[in-house]
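Welcome! Please take a moment to look over the sequence and the model shown here before reading on.

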Amino acid sequence: MNAALPLTTLDDATATDILPGDPRNRRGPFRPEKLVSARERRSGDMFVRLFRTIDFLALVFLAVTCARVVAPHGFFTSPLGNILPFIAATLGIYWALYVCGLYRFGRNARISVHLVKLTLIFGAGYLLADVLADFSINDYAVTAAVRFWTGISLIYFMIQHLLWWRVVERWRRQGKLIPSIVIVGATKYAEKLIEAALAERHVNILGIFDDRLARNPHALVGVPVLGDVQSLLGHKITPYVDQIVVALDTSAKARVKTIIEKLRSLPNEVSLFVDMDNDNAAKAAWARVADIPLARVSGVSEDERKAMLKRGEDLLIGTLAFLIFAPLMLVVALLIKLDSPGPVFFRQRRHGFNNEVILVWKFRSMYTHMTDHTAQQQVTKGDPRVTPVGRFIRKTSIDELPQLFNVLKGEMSLVGPRPHAIGMRTGPDESARLVAEYAWRHRMKPGVTGWAAIKGSRGPLDNADDVRRRIGLDVEYIERHSIWFDLYIMAMTIPCLLGDAKTVR
């Protein structure tokens, strides 16, 4: 499934012949052209750091190039006074770019102000370098080199930041930087929040859910009421939701507690906004909700730092793993083609981060006409659906190697809870219904390997106790997650697989 999904596909009503004021219009006043998954929107911080890294490298490159004029025999043999102005100005300019907020790209910021700040920062950098150049034995040459460096750097940075600005504006138009919200409670507080959001236009409110449907209209300030709280738990809109906002009266303590307990099973972030007695409070509340990654750089939470480090880990190690295993994957692909007719790869719809539906890649291990795309029947020992080559690649978990494609694409991680097929059954029951906390495992991207896998919870889930044990291990991993923990799990994966002769795979 694509990360972006037309909103009309999420509605029961048809999009044709429905006017904006018609109660059957399920899109509401925010009506984004496409819904972008929460996973895709959360990549904003990484792009901010990419912008900053490119700027730093450009500053250093231009400084080194211009400084060669006054250090022709090398920087280590030149007088310190010749190169100190470049070093100090480079570090000072880079620090000022960060402190002055030139990587925040705020919703209400203006490009003209941005460029003025850029000019002032480079002007200050030039003054700093010029003062330090006076301590050089060849201050005229150093001053001339500094002047040329700051001038050409300013021109380059203006062009580059104009490009960054256009990229960010395009992402905003595509909905990649606008948080998507659903509200629980069709109350007067929700109405104020919606009115504040309509005035600012910095969030998309996709819908309202309320248990008291009989008392509520089809829409509130144009935002459609999509169902009750129970229907939200399994609604296909949830992968595109950044926050679930509970807007209820504080006096309804029992109702608030009941709803919060229901929502605990979802992987989405839940915020409780109550007692919004004035418009300023509502606007302040939405300002906090809309504080998306590219709208800020400082104050990044520990979870976001971990997510960025984990993505870097996935890209680095995932690329190396793909290069190392590419010859093996080519051989396996050839063997599958020779073994039985059908495609080399098998793709199955599974749940990813935030309940997003993703297509997980595997090598085909079953006969094509017996392939089970919905995992209605888990694999058993001596399963006649499995091909001869399939038995070998399943036993060694080589069939999982194509999931490196999912890792590099950003849909999966190298380490995390294993992705389960949608509608997977344990006996006669759907696995997701056996454990209330099942969806908690979707608070992190699924992994090629995981803590549960190396602790022996692999293969089919035969009963409710097996499901509970796996979910418990997945939740434990999410709570303990760190880069070192990931490296340990990766290091233990192959020994654990080779030492496990009992698990049916």
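The report below moves from the whole chain to a sheet, some aromatic rings and two individual residues.

## The chain as a whole

What you see is a predicted model. The chain has 505 residues, and 49% of them are buried. Its secondary structure comprises 15 helices and 14 strands.

Contacts across the sequence feature strongly in the count: among contacts between residues at least 6 apart, 74% join residues at least 24 apart. The accessible surface is about 24800 Å², and carbon and sulfur atoms account for 61% of that area.

## A sheet of six strands

One open sheet is built from six strands in the order β5-β6-β4-β3-β7-β8, with mixed pairing. The edges are taken by β5 (219-220) and β8 (269-272); each has a single partner strand, so one of its sides has no neighbour in the sheet.

Within this sheet, β4 (residues 204-209) and β6 (residues 223-227) run parallel and are joined by two bridges. You can find one bridge partnership by locating phenylalanine 209, whose partner in β6 is glycine 227. As background, strands of a sheet pair through backbone hydrogen bonds, in either a parallel or an antiparallel way.

## Rings that meet

The structure holds twelve aromatic pairs. One of them is formed by phenylalanine 345 and phenylalanine 405, which sit edge-to-face, 6.2 Å centre to centre with 75 degrees between the planes. This pair links distant parts of the chain, 60 residues apart: phenylalanine 345 is in strand β9 (residues 345-351) and phenylalanine 405 in helix α12 (residues 403-409). Phenylalanine 345 is partly exposed at 31% relative accessibility, and phenylalanine 405 is partly exposed at 30%.

Phenylalanine 405 also pairs with tryptophan 361: their ring centres are 5.7 Å apart and their planes stand at 75 degrees, so this pair is edge-to-face. Tryptophan 361 belongs to strand β10 (residues 357-363) and phenylalanine 405 to helix α12, so the pair ties together parts 44 residues apart in sequence. With a relative accessible area of 25%, tryptophan 361 is partly exposed. Phe345, Trp361 and Phe405 are among the members of one aromatic cluster, which also includes Phe322 and Phe363.

## Outside and inside

On the surface, Leu316, Leu320, Ile324, Phe325 and Leu328 form a nonpolar patch with about 470 Å² of accessible area together. Leucine 328 is in helix α10 (residues 302-339) and is partly exposed, at 34% relative accessibility.

Is threonine 238 buried or exposed? It is buried, with a relative accessible area of 2%. Threonine 238 lies in the loop between α7 (229-233) and β7 (243-246). Beyond its neighbours within four places in sequence, threonine 238 contacts Leu232, Asn268, Asn354 and Asn355.

Notes
Residues are numbered from 1 along each chain as its sequence is written. This is a predicted model: local features need pLDDT of at least 70, side-chain atom pairs count only at pLDDT 80 or more; totals for chains, interfaces and linings use all residues. Side-chain values use heavy atoms; hydrogens and water are left out. Helices (H or I, at least four residues) and strands (E, at least two) are DSSP runs, numbered from the N terminus. Buried means under 20% relative accessible area, exposed over 50%, partly exposed in between (1.4 Å probe, protein chains only). Contact means heavy atoms within 4.5 Å. Accessible areas come from the Shrake-Rupley method with a 1.4 Å probe; for residues, only the protein chains shown count as cover. Patches are made of residues with over 30% relative accessible area and no salt bridge: like charges are joined within 9 Å, nonpolar side chains (Val, Leu, Ile, Met, Phe, Trp, Tyr) within 5 Å. A salt bridge is a side-chain nitrogen of Lys or Arg within 4 Å of a carboxyl oxygen of Asp or Glu. Two strands pair if DSSP finds at least two bridges between them. Rings of Phe, Tyr and Trp (its six-membered ring) pair if their centres lie within 6.5 Å; planes under 30 degrees apart count as stacked, over 60 as edge-to-face and the rest as tilted.
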